[in-house]
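Let's take a friendly walk through a protein model together. Keep the picture in view as you read, and turn it around whenever a new residue comes up.

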Amino acid sequence: MADNIELEKASQRIAEGEQAGTDYIDNLESIRNELGTDGDEGATLGTMVGAQLKMTEIETQYMVESGIPKKASSANMQAAQEVKKAAG
């Protein structure tokens with residue numbers, strides 16, 4: 001995740017949301033690959049617990065990264081509604 005993200009334009013918010021989804025899928029695929037059935041490692045309890053912890057972390061990261069653009073869009077919509085009310 002970048003330290004500074006631009007959310008002024010709708011296209012920027014959409015791009016950030018899409019990137020969050022792409023990162024989420026890539027991270028889940030990485031965990032799935034670690035649990036592959038090619039060797040004995042995928043079946044150990046330690047590997048399974050580690051994978052669950054990673055999935056929890058990835059889910060939290062996704063919720064934050066996708067939530068920020070959603071919150072910015074919601075704030076913009078609310079501001080637009082207020083302007084519309086004020087205009088009559």
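We will start with the whole chain and then visit some of its residues.

First, a word on what you are looking at: this is a predicted model. The protein chain has two helices and zero strands. Helix α1 covers residues 10-34, and helix α2 covers residues 45-87. How much of the chain is buried? Of its 88 residues, 14% count as buried. The chain exposes about 6,800 Å² of surface, and carbon and sulfur atoms supply 55% of that area.

Next, think about how parts of the chain come into contact. Take the contacts between residues at least 6 apart in sequence: 61% of them join residues at least 24 apart. To see how sequence and space can tell two stories, find valine 64 and alanine 20. These two are 44 residues apart in sequence, while their C-alpha atoms are 8.9 Å apart in space. Valine 64 has its place in helix α2. With a relative accessibility of 43%, valine 64 counts as partly exposed, because a residue must be over 50% to be called exposed and under 20% to be called buried.

Now for the charged side chains. How many salt bridges does a search of the whole structure find? It finds two. One of them joins the side chains of lysine 54 and glutamate 34, with 2.7 Å from N to O. This pair links distant parts of the chain, since lysine 54 sits in helix α2 and glutamate 34 in helix α1, 20 residues apart. Both partners are partly exposed: lysine 54 has a relative accessible area of 36%, and glutamate 34 has 38%.

The side chains of glutamate 82 and lysine 85 also meet in a salt bridge, at 3.9 Å from N to O. Here the partners are both in helix α2, and because they are three residues apart, about one helical turn separates them. Glutamate 82 is partly exposed, with a relative accessible area of 43%, whereas lysine 85 is exposed at 62%.

Arginine 13, in helix α1, makes an interesting stop. Is this charged residue buried or exposed? Arginine 13 is buried, yet it has no salt bridge. The nearest side chain of opposite charge belongs to glutamate 8, and it is 8.3 Å away. That distance does not qualify as a salt bridge, because the nitrogen and oxygen would have to be within 4 Å of each other. What arginine 13 does have is a polar contact, made by its side chain with the side chain of serine 73 at 2.7 Å. Leaving aside residues up to four places away in sequence, arginine 13 touches Leu7, Glu8, Pro69, Ala72, Ser73 and Asn76.

Another buried residue to look for is serine 66, which lies in helix α2. Its relative accessibility is 6%, so serine 66 counts as buried. Where does its side chain reach? The side chain of serine 66 comes to the backbone oxygen of tyrosine 62, at 2.8 Å.

Let's finish on the surface. Which residues make a nonpolar surface patch there? Leu45, Val49 and Leu53 do, and their patch measures about 330 Å². Leucine 45 has its place in helix α2, and it is exposed, with a relative accessible area of 68%.

To retrace the route, go back to the two helices, find the salt bridge between lysine 54 and glutamate 34, and then look once more at arginine 13, buried and without a salt bridge.

Technical notes: Residues are numbered from 1 along each chain as its sequence is written. This is a predicted model: local features need pLDDT of at least 70, side-chain atom pairs count only at pLDDT 80 or more; totals for chains, interfaces and linings use all residues. Side-chain values use heavy atoms; hydrogens and water are left out. Helices (H or I, at least four residues) and strands (E, at least two) are DSSP runs, numbered from the N terminus. Buried means under 20% relative accessible area, exposed over 50%, partly exposed in between (1.4 Å probe, protein chains only). Patches are made of residues with over 30% relative accessible area and no salt bridge: like charges are joined within 9 Å, nonpolar side chains (Val, Leu, Ile, Met, Phe, Trp, Tyr) within 5 Å. Accessible areas come from the Shrake-Rupley method with a 1.4 Å probe; for residues, only the protein chains shown count as cover. Lys and Arg count as positive and Asp and Glu as negative; His and the chain ends are not counted. A polar contact is a pair of N or O atoms within 3.5 Å; within protein, one must be able to donate a hydrogen and the other to accept it, and residues adjacent in sequence count only if both atoms are side-chain atoms. Contact means heavy atoms within 4.5 Å.
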